Amino acid sequence: MPTPKSTRPTRERIIDAAEHLLRTIGLARTTTKEIAREAGCSEAALYKHYRSKEEIYVRVLTDRLPRLNPLLDELSKDPGELGVEHNLTRVAEHAVRFYEQSLPITASLFAEPTLKKRHFEGVRELGQGPHVPLEALARYLRAERDRGALRPGADPDAAAALLLGACSQRAFVYDATEGMPPPQPVEEFATDLVRTLLTGLLPA
C-alpha cells in the first residue's frame, strides 16, 4: 500500500512534488516556492534538505528518470564480457528513454536566457549537466579502443556525440510531432543505430 503523502519524509515529498511540477509545468515555471507548496512544507524546510532548485532538479533526473549516467559509470568501470555492440545498444535504449522524459522538462528553460544561464551554472557546480553522459560515453569508447575492441583510428568523442545526438534528436522530433508514433520501437531503433555506428568503429 502506498505511503500517504502526509506521512512520507519531507525529503521524499519534496522530490515527489518537484517531479510532478517539472513534468506538468516545466523547469522554467517550477520554483522552490511552488515545490514547497506542492510538498506541503515551508520553503525554509525545503532548504534544510536541498541547497537549491538545481540540486532538486538533478535528484529528480537521477532518481526518477531512466538511469543513463549510472549505466555509463558502470560501463566505464567494468565493460563486462558481452561486447561493444551489446553495451552501446543498452546505452542507446537508456538514452532514448532519458531524453524522451527530460526534454519536455527542460524545454521551457530555453525561452528564458537569464534563467537558463543561472540554471546551468548551478548544475555545473554540482558536477552535472548535459556534457556528463557525453564525456562518460567517450571514456568508455576510449577504453574499448585501447583494449583493441575498436580500430586504432576510431574517434571516441565523435562516436559518443553521434550516438547520444541521434537519441536526443529522436526525442525532440517525436515530442514536436506529438500524436505521431515513432516509426520504430526503441529497441529496434537502438539496434539499428548502433550497428550503423559500429561500421566506422570496429576493426576491419
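## A walk through four stops

Start by selecting E34: at a relative accessibility of 31%, this residue counts as partly exposed, because the partly exposed range runs between 20% and 50%. Keep in mind along the way that you are looking at a predicted model.

**Stop one: around E34.** Colour residues 32-39 and you will have helix 2, the home of E34. Now show side chains. Which side chain makes a polar contact with that of E34? It is the side chain of R37, at 2.8 Å. Next, add L21 and R29 to your selection; E34 is in contact with both, leaving aside its neighbours within four places in sequence. For a sense of scale, draw a distance from the C-alpha atom of E34 to that of K77: the two are 43 residues apart along the chain, and your viewer should show a separation of 39 Å.

**Stop two: a pair of helices.** Select residues 10-24 for helix 1 and residues 53-64 for helix 4. Two packed helices are described by the angle between their axes and the distance between the axes. Here the axes come within 10 Å and cross at roughly 90 degrees, so helix 1 is roughly perpendicular to helix 4. To see where they meet, show the side chains of R11, E12, I14, I15, D16, A18, E19, L22 and R23 on helix 1, along with I56, Y57, R59, V60 and R64 on helix 4. Try colouring this contact by residue class: you will find seven nonpolar and seven charged residues, and no polar ones.

**Stop three: N87.** Move on to helix 6, residues 84-106, and pick out N87. Is N87 buried or exposed? With a relative accessible area of 2%, N87 is buried, since buried means under 20%. Look for what surrounds this residue: leaving aside neighbours within four places in sequence, N87 is in contact with L75, P79, Y140 and E144. Zoom in on P79 in particular, where the backbone oxygen lies 2.9 Å from a polar atom of the N87 side chain.

**Stop four: L134.** Finish on helix 8, residues 131-146, where L134 has its place. L134 has a relative accessible area of 33%, so this leucine is partly exposed. Which residues does L134 touch, not counting those up to four places away in sequence? Select A160, A161 and L164 to see them. As a last step, draw a line back to helix 1: the C-alpha atoms of L134 and D16 are separated by 28 Å, with their positions 118 residues apart along the chain.

Conventions. Residues are numbered from 1 along each chain as its sequence is written. This is a predicted model: local features need pLDDT of at least 70, side-chain atom pairs count only at pLDDT 80 or more; totals for chains, interfaces and linings use all residues. Side-chain values use heavy atoms; hydrogens and water are left out. Helices (H or I, at least four residues) and strands (E, at least two) are DSSP runs, numbered from the N terminus. Buried means under 20% relative accessible area, exposed over 50%, partly exposed in between (1.4 Å probe, protein chains only). A polar contact is a pair of N or O atoms within 3.5 Å; within protein, one must be able to donate a hydrogen and the other to accept it, and residues adjacent in sequence count only if both atoms are side-chain atoms. Contact means heavy atoms within 4.5 Å. Axes are lines fitted to C-alpha atoms, for helices over the stretch in contact, and angles run from 0 to 180 degrees between N-to-C directions. Angles under 35 degrees count as roughly parallel, over 145 as roughly antiparallel, 65 to 115 as roughly perpendicular and the rest as oblique. Ala, Val, Leu, Ile, Met, Phe, Trp, Tyr, Cys and Pro count as nonpolar, Asp, Glu, Lys and Arg as charged, and the others, Gly among them, as polar.
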